[in-house]
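Colleague: I have a model open on my screen and I'd like to learn how to read it. Could you walk me through it?

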Amino acid sequence: MDKGCWRLALVLFVVLLSSTYAEATSFMNMDDFIVAVRQVEDGDPGSDPLSVLRRLRGAGGLDDAFVRHFLGNANPAGAEWDASLSGYLSKAVRHRVTEDATEEGVVLTPDGTTVALAPLLLGIEAGFLAKKAGHVRGLYQLTLAKDLDGSPLLGPDGCWDSVAFPQVFTLLGVPSALTAARVNGGMDGAILGMEVSAERPAALSGLLTEYYCRLDSKGLDAGPRLIAQRRRENFRGLVAPPVLVRQVLKAVELRRGLAGRPKMEVRVKKQLAALVKKGMKEFVQKYIDCPPIIPRCMWGAKPYIGTPTNLSLPLSFMYIHHTHSPSKPCLTFQECAADMRSMQRFHQEERGWDDIGYSFVAGSDGYIYEGRGWLRQGAHTLGHNSVGYGVSFIGDYAIGLPSQHSMGLVRDQLAACAVGGGRLVSDFVLQGHRQVVATSCPGDALYDEIRGWEHFGEVKKGK
């Protein structure tokens, strides 16, 4: 087992020893779901991962004609589950969005992201059925393509009623077929499905434990290749957008055939292809080019005080900061979220600002954290807040540097995301805080580093 995962494994071991299922598993998080999977495995010692996956598919009702075309029938046979375990698994795996915009069939993972279990499990099951490593029949159609049918809507993300004890996940906008949780689950299902096609794990619970692990003190730079925090970069290396476009079109044709409908006319198919290609560009921009961003509600932000000032986009500058205090990099979602709350509290209560000052903050846990975001003017770079975004790295970087991964998120992805989304001009200028304000920020080491970044420029007067 990878050393970075020992804490999660220890938690699961203690839970299994000390609690009954009903006592231990009552919340919608990945830790509790893995406990439930392990109980299924322990209740039927002779079962292999494929049998467990088929039983979970049956519990979640994932047995329509489209799924059966690739995976065959779900298999409910096996040791009988008690009512609490059966009820929990049915609720956890069966995905739907209700009329009041709550999303069911999703769980909170240790890294602070939310994952739909259905596409995750379907992708893994497809991988176990592969006859040749790297050749997984139906992998992308089962995980993502069947929902990427050219719909103009992608997302949204959402927020849990409680991060510590999650039960209800409410979406932050108009629901689509591909919510952020379904995208996360689909990406993870594709990644793990491809992985198990080459190397079969002994148990499903072990595979999930390794993938959804917590980082150790060495951080993500020294973390394993196969880990949830790397989902976007791993998925980017797995499949090219044109391949996904073809898979979407195949999924549409298959569903029509299974429903007994005739094949599409050439004209209609061309129109659909054009629509899918447009939707794919939006998908790539949002979920591949852009970094993963933890929304305010997930780190526990307090409301903005007063009336925010909206930015006039696109902006021309990006200003780089370090937090100085907190002085140490945060390595987990729990640590980074606590640091965000601490900074917001200091900015609001001690400095009298309306909100946390930064637009975005980079942790060393693999994520960007939303501060004031893309649309609201920040309080990060005196005299220049109206013309640029303020992006800070958690930690003091007078001597050392942030993690390579976190710097890449800001340098390569956040900036490109801003330009692609029309929030920064393409020839924007990147500067350190000290270039426009009398301060040592962002620290000597980090300032020397950003001087070699693309778009770094000398002082230009802001408004």
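Modeller: Sure, we'll go through the sheet, then some helices, then a single residue. Keep in mind that this is a predicted model.

Colleague: Let's start with the sheet. In what order do the six strands lie?

Modeller: Read a sheet from one side to the other, not along the sequence. Here the order is S7-S10-S9-S11-S8-S12, in an open sheet with mixed pairing. The edges are S7 (293–294) and S12 (424–432), each of which pairs on one side only. As for what packs on it, helix H15 (residues 333–350) touches S7, S9 and S10 (368–370), and its direction makes about 40° with that of S10. Helix H16 (residues 404–420) lies across S7, S8, S9, S10, S11 and S12, running at about 145° to S12.

Colleague: Which strands does S11 pair with, and over how many bridges?

Modeller: Follow the bridges on each flank. S8 (residues 315–322) pairs with S11 in the parallel sense over six bridges, and S9 (residues 360–362) runs parallel to S11 with three bridges. Phe393 is a handy landmark: this S11 residue is the bridge partner of His322, and also of Ala362. Moving on from S8, there are five bridges in the parallel sense to S12, with Phe317 standing opposite Val429 of S12.

Colleague: Are the faces of S11 covered or not?

Modeller: For a strand, check each side in turn. Gly388, Gly390 and Ser392 are buried on one side, and Tyr389, Val391 and Phe393 are buried on the other, so both faces are covered. With six of its six residues buried, S11 (residues 388–393) is largely enclosed by the rest of the structure.

Colleague: Now the helices. Why do residues three or four places apart on a helix point the same way?

Modeller: An α-helix has 3.6 residues a turn, so residues with that spacing end up facing the same way. Keep that in mind with H12 (residues 241–258), whose contact with H13 (residues 266–289) uses Pro241, Leu244, Val245, Val248, Leu249, Val252 and Glu253. On the H13 side, the contact residues include Lys269, Leu272, Val276, Met280 and Phe283. By type, the residues of this contact divide into twelve nonpolar, no polar and three charged.

Colleague: At what angle do the axes of H12 and H13 cross?

Modeller: They come within 10 Å and cross at roughly 135°, which makes H12 oblique to H13. The crossing is right-handed.

Colleague: Is H4 largely enclosed, and what does it pack against?

Modeller: Count its buried residues, then look for their neighbours. In H4 (residues 49–59), eight of the eleven residues are buried, so the helix is largely enclosed by the rest of the structure. The buried ones include Leu50, Val52 and Leu53, along with Arg55 and Arg57. They pack against H3 (30–43), H5 (65–71), H6 (83–93), H7 (117–129) and H10 (204–211). Just after H4, Gly61 takes a positive phi of about 70°.

Colleague: And a single residue: is Ile450 buried or exposed?

Modeller: Here you check the relative accessible area. For Ile450 the value is 0%; buried means under 20%, so this residue is buried. Ile450 sits in helix H17 (residues 444–450). Leaving out residues up to four places away in sequence, Ile450 touches Ile320, Leu430, Gln431, Gly432 and Phe456. Ser325 is 125 residues from Ile450 in sequence, and their C-alpha atoms are 20 Å apart.

Notes
Residues numbered from 1 in each chain as written. Predicted model: local features only at pLDDT ≥ 70, side-chain atom pairs only at ≥ 80, totals over all residues. Heavy atoms only, no water. Axes fitted to C-alpha atoms, helices over the stretch in contact; angles between N-to-C directions. Helix = DSSP H or I, 4+ residues; strand = E, 2+ residues; numbered from the N terminus. Parallel < 35°, antiparallel > 145°, perpendicular 65-115°, else oblique. Left-handed = near helix turned anticlockwise from the far one by under 90°. Contact = heavy atoms within 4.5 Å. Nonpolar A, V, L, I, M, F, W, Y, C, P; charged D, E, K, R; others polar. Buried < 20%, exposed > 50% of the residue type's maximum accessible area, 1.4 Å probe, protein only. Pairing = 2+ DSSP bridges.
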